[in-house]
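This briefing sets out selected features of one protein chain, grouped by topic. The sequence and structure come first, and the notes follow.

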Amino acid sequence: MPHGRFGNKMIKTILITGATGFIGSHLTRKLLKEGKNIIILKRSSSKINRIEDFIEKIKTYNVDTEQLEKVFQENEIDAVMHLATHYIKKHGPKDIEPTISTNVTFPAELLELMKRYNVKYFINTGSAFVYETKEDGAIQETTNKVPYNLYASSKIAFEEVLKHYTTNE
């Protein structure tokens, strides 16, 4: 984000999902250093060891105990950065619901609330697991999508949901 802008709009408050993970914790730390107001969504059971040294500087909501809309009601959010995911290499029957819920339903609910509260900017993270594996290991966005597992399929499914919100709304 050059100078914290999307187009001509200054981005001040960013909602981040997945901030307790490896990439999310580093992104959150960097954005805090840039002077951004950070709000994170996490589970009440999330390990916060990666963010505990700065957790007092951010606003947190537990998505499993609080209404998601409350986050949008209480804050003037400029952008959402969605890094949260439910990854499982091999799934069993009990893994289907949490994978679809976390990787498709939850971010779709975020998009719906963004629409309602006029939040214009959404950054989604994808996965290399959605792409066909090549002998040389090279992956480009034009590489064929051949999902490696249910997780990868759920990431592709959400990309399709996201297309709806960017082209039909």
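In this predicted model, the side chains of Glu69 and Arg116 form a salt bridge, with N and O 3.1 Å apart. The pair links distant parts of the chain, since Glu69 belongs to helix α2 (residues 68-74) and Arg116 to helix α3, 47 residues apart. Glu69 has a relative accessible area of 26% and is therefore partly exposed. The structure holds 6 salt bridges, and two others are described below alongside the fold, the pockets and several asparagine residues.

**Overall fold**

- The chain contains 4 helices and 7 strands.
- In sequence order, these elements follow the pattern β-β-β-α-β-β-α-β-α-β-α.
- Of the 169 residues in the chain, 41% are buried.
- Among contacts with a separation of 6 or more, 62% are between residues 24 or more positions apart.

**Further salt bridges**

- Asp53 and Arg29 are joined through their side chains by a salt bridge, at 2.7 Å from N to O.
- Because Asp53 lies in the loop between β4 and β5 (59-62) and Arg29 in helix α1, this pair ties together parts that are 24 residues apart in sequence.
- Asp53 counts as exposed, at 53% relative accessibility, whereas Arg29, at 26%, counts as partly exposed.
- Glu112 and Lys115 form another salt bridge, in which the closest N and O atoms are 3.5 Å apart.
- Both Glu112 and Lys115 lie in helix α3, at a spacing of 3 residues, or about one turn of the helix.
- Glu112 has a relative accessibility of 29% and counts as partly exposed; Lys115, with 43%, also counts as partly exposed.

**Largest pocket**

- The largest pocket encloses about 820 Å³ of space.
- Its lining comprises 30 residues, and those closest to the pocket centre are Gly18, Arg43, Ala84, Thr85 and Thr102.
- Two or more lining residues come from each of α1 (22-33), β4 (37-42), α3 (93-116) and α4.
- Helix α3 gives the largest share of this lining, with 5 residues.
- Sorted by class, the lining of the largest pocket has 14 polar, 9 nonpolar and 7 charged residues.

**Second largest pocket**

- The volume of the second largest pocket is about 280 Å³.
- This pocket has 11 lining residues, and Met114, Lys115, Val119, Lys120 and Tyr165 lie nearest its centre.
- At least two residues of the lining are supplied by α3, and at least two by α4.
- By class, 6 of the residues lining the second largest pocket are nonpolar, 3 are charged and 2 are polar.
- Lys115 thus appears in two settings: it is among the residues nearest the centre of this pocket, and it is the salt-bridge partner of Glu112.

**Asn62 in strand β5**

- Asn62 is part of strand β5.
- The side chain of Asn62 makes a polar contact of 2.7 Å with the side chain of Lys42.
- Leaving aside residues up to four places away in sequence, Asn62 touches Lys42, Arg43 and Ser44.
- Of these neighbours, Arg43 is also one of the residues closest to the centre of the largest pocket.

**Asn118 between α3 and β7**

- Asn118 sits in the loop between α3 and β7.
- The phi angle of Asn118 is near 60 degrees, a positive value in a residue other than glycine.
- With a relative accessibility of 54%, Asn118 counts as exposed.

**Asn149 before helix α4**

- Asn149 occupies a place in the loop between β7 (121-124) and α4 (150-167).
- The relative accessibility of Asn149 is 9%, which is under the 20% limit, so this residue counts as buried.
- From this loop, the side chain of Asn149 reaches the backbone nitrogen of Ala152 at 2.9 Å.

Definitions and conventions:
Residues are numbered from 1 along each chain as its sequence is written. This is a predicted model: local features need pLDDT of at least 70, side-chain atom pairs count only at pLDDT 80 or more; totals for chains, interfaces and linings use all residues. Side-chain values use heavy atoms; hydrogens and water are left out. Buried means under 20% relative accessible area, exposed over 50%, partly exposed in between (1.4 Å probe, protein chains only). A polar contact is a pair of N or O atoms within 3.5 Å; within protein, one must be able to donate a hydrogen and the other to accept it, and residues adjacent in sequence count only if both atoms are side-chain atoms. On a 1 Å grid over the protein atoms alone, a cavity is a set of points where a 1.4 Å probe fits but cannot get out, and a pocket is an open set with protein on both sides within 12 Å along at least five of seven lines; lining residues have an atom within 4 Å of a point. Grid points are joined across faces, edges and corners, and a volume is the space filled by probe spheres set on the points. Ala, Val, Leu, Ile, Met, Phe, Trp, Tyr, Cys and Pro count as nonpolar, Asp, Glu, Lys and Arg as charged, and the others, Gly among them, as polar. A salt bridge is a side-chain nitrogen of Lys or Arg within 4 Å of a carboxyl oxygen of Asp or Glu. Contact means heavy atoms within 4.5 Å.
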